[in-house]
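Grab a viewer and a coffee, and work through a few exercises on the entry below. Try each task yourself before you read its solution.

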Amino acid sequence: MRLIVFPILLSISFIFLLFLNSKAQDVFINEFMSSNSTTIIDSFGNSSDWIEIYNDMNYDVNLNGYHLSDKRNDLYKWTFPSINIPAKSFLLIFASGKDIISGSELHTNFKIAKEGEPLYFCNTNGLIQDSTIAISLITDCSFGRLDNGGDEWFIYSEPTPGFSNSSSGIVISNKESGFYMQAFMLELFCPDTNKVVYYSLDGSDPTLSSLIYNKPILISTTANNPENISNIPTTPLSGPGRLNDYIWKYPNLRVKKAIVVKYRSFINDVAASKVYCKTFFVNYNSVNNNFPFVSIVTDSLNLFDNDSGIFIPGKYYDETGWDSWWPAGNYSLKGNEWERAVHFDFFTGNKELQIATNAGIRMHGCGSLTFPQKSFKLYF
């Protein structure tokens, strides 16, 4: 299960924590998704919105005559048929708008607005038994309780339709990728205390050799950080005089940098969760334009290793050198073998995180790849 938290728009793996009113009864809304793409498919082959109901009682409950709605002024909008939900179990309902029953699969007569709207779960007397807040969610993220029946809610980037929200090695963070005016402490939390969280700050995937999380991580300005990555030549340092445009030149200005934190949980030295990736831009008060931002994170070796890095002259240049008009290099190589895994974040012009997903990159172009700044393709 993965979890994303979006402090403004929604939040990745998870980010944000809310305290809602305690449940009035012991059957309630436990989790829901308003933009489903790949999380779960219904019997019609569609990626429908969904709502998960949980029975926290020690006996079965028949929901005949109960209601679900997305409108406060129409609490009887959709009514449950005669269906039992066993003790300590879950019932998944697709909010597809179809208003049908397909075998044991239930479909409401409404969908959930992606931009956010409250949901209401009412008993047979039409009294609100449980409700949720209106929250905007990115695709394939859900909003659910941290503990089944608990009052703490999070945005999950690893939803668990029909299963316990804390059933895996999920790791929760108190901040989402984004732009921050001042330094802060990043806190990580794994609900399963038997698991250990490892993290990295160099873009590499956490391993048992990485740092162990045992206290909050300071996320601060990078203004004084050395120019390590930006000083790695991406074209040859010399060549025929007529082709000076291809020659690497060191940057003459300070390069703005981000802080990247990757983390995952382990149990008995075996990875128990996916790799979470967060990108933080601290004290970017000079960023006052309305352009969207993209963050692409990968292990530096994927780009700059002499043998396998796809962004540099590397081994291929050492063996081939200049090819008449331009210098051949690792960046000239194509195909699946030269695709590298990345994490991709997209921020709107308002600097709100809108997309957070994994992808692949390959170099793109021909002669243009021999220039210091290069193009690449993203594969989703």
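The exercises start with the whole chain and then move to sheets, cores and single residues.

**Exercise 1. Get the overall picture**

Task: work out how many helices and strands the protein has, and what share of its residues is buried.

Solution. Start with the secondary structure: this predicted model has 2 helices and 30 strands. Next comes burial: of the 380 residues, 49% count as buried. Finish with the surface, which comes to about 17,900 Å², with 50% of that belonging to carbon and sulfur atoms.

**Exercise 2. Decide where to trust the coordinates**

Task: find where in the protein confidence is lowest and where it is highest.

Solution. First take the average: the mean pLDDT is 85, and 89% of the residues reach 70 or more. Then look at the extremes. Strand β1 (residues 18–19) has the lowest confidence, at a mean of 38, while strand β5 (residues 67–69) has the highest, at 97. Now check the start of the chain: over residues 1–24, pLDDT stays under 50. The model still has 132 contacts beyond four places in sequence for that stretch. Where pLDDT is low, though, predicted coordinates should not be read in detail.

**Exercise 3. Trace two open sheets**

Task: give the strand order of the open sheet that contains β28, and name its edge strands.

Solution. Walking across the sheet gives β25-β28-β29-β30, 4 strands with antiparallel pairing. The edges are β25 (293–297) and β30 (375–379), each of which pairs on one side only. From one strand to the next, the twist averages 40°. Now zoom in on one pair: β29 (residues 353–364) is joined to β30 by 5 bridges, and I361 stands opposite L378 in β30.

Try the other one: which strands form the open sheet that includes β11? Here the order is β6-β5-β11-β12, again 4 strands and antiparallel. The edge strands are β6 (78–79) and β12 (128–131). Between β11 (residues 120–122) and β12 there are 3 bridges, and C122 has I128 as its bridge partner.

**Exercise 4. Place a glycine in a loop**

Task: decide whether G126 is buried or exposed, and list its contacts beyond four places in sequence.

Solution. Locate G126 first: this glycine is in the loop between β11 and β12. Its relative accessibility is 15%, and the cut-off for buried is under 20%, so G126 counts as buried. Now for the contacts: leaving aside neighbours within four places, G126 touches L75 and Y76. As a check on L75, the C-alpha atoms of G126 and L75 are 6.9 Å apart, although 51 residues separate the two in sequence.

**Exercise 5. Dissect a hairpin**

Task: describe how β13 and β14 are connected, and find the turn residue with a positive phi.

Solution. Begin with the pairing: β13 (residues 142–145) and β14 run antiparallel and are joined by 4 bridges. One bridge to pick out puts G144 across from F154 in β14. The two strands make a hairpin with 6 residues between them, and G149 in the turn has a phi of about 90°. As for cover, 4 of the 5 residues of β14 (residues 152–156) are buried.

**Exercise 6. Find the cores**

Task: identify the residues with the most contacts inside the largest nonpolar core.

Solution. The largest core has 29 residues, and the ones with the most contacts inside it are F32, I51, I53, L63, L68 and F80. Strands β2 (27–33), β3 (49–55), β8 (89–95) and β14 each supply at least two of its residues. Apart from this core lies another, of 22 residues, with L146, I259, F280 and V282 among them. For a close-up, select L63: not counting residues up to four places away, L63 touches V27, F80, P81, I83, I85, L91 and F121.

**Exercise 7. Check two positive phi angles**

Task: say where K88 and D269 sit in the chain.

Solution. K88, which is not a glycine, has a phi near 55°. K88 is in the loop between β7 (84–85) and β8, and is partly exposed at 41% relative accessible area. D269 has a positive phi too, of about 65°, and is no glycine either. D269 lies in the loop between β22 (259–267) and β23 (270–271). With 56% relative accessibility against a cut-off of over 50%, D269 counts as exposed.

Key: Residues numbered from 1 in each chain as written. Predicted model: local features only at pLDDT ≥ 70, side-chain atom pairs only at ≥ 80, totals over all residues. Heavy atoms only, no water. Buried < 20%, exposed > 50% of the residue type's maximum accessible area, 1.4 Å probe, protein only. Areas by Shrake-Rupley, 256 points an atom, 1.4 Å probe, with all protein chains shown as cover. Pairing = 2+ DSSP bridges. Axes fitted to C-alpha atoms, helices over the stretch in contact; angles between N-to-C directions. pLDDT = per-residue confidence, 0-100. Contact = heavy atoms within 4.5 Å. Core = buried A, V, L, I, M, F, W, Y, C linked by side-chain atoms within 4.5 Å.
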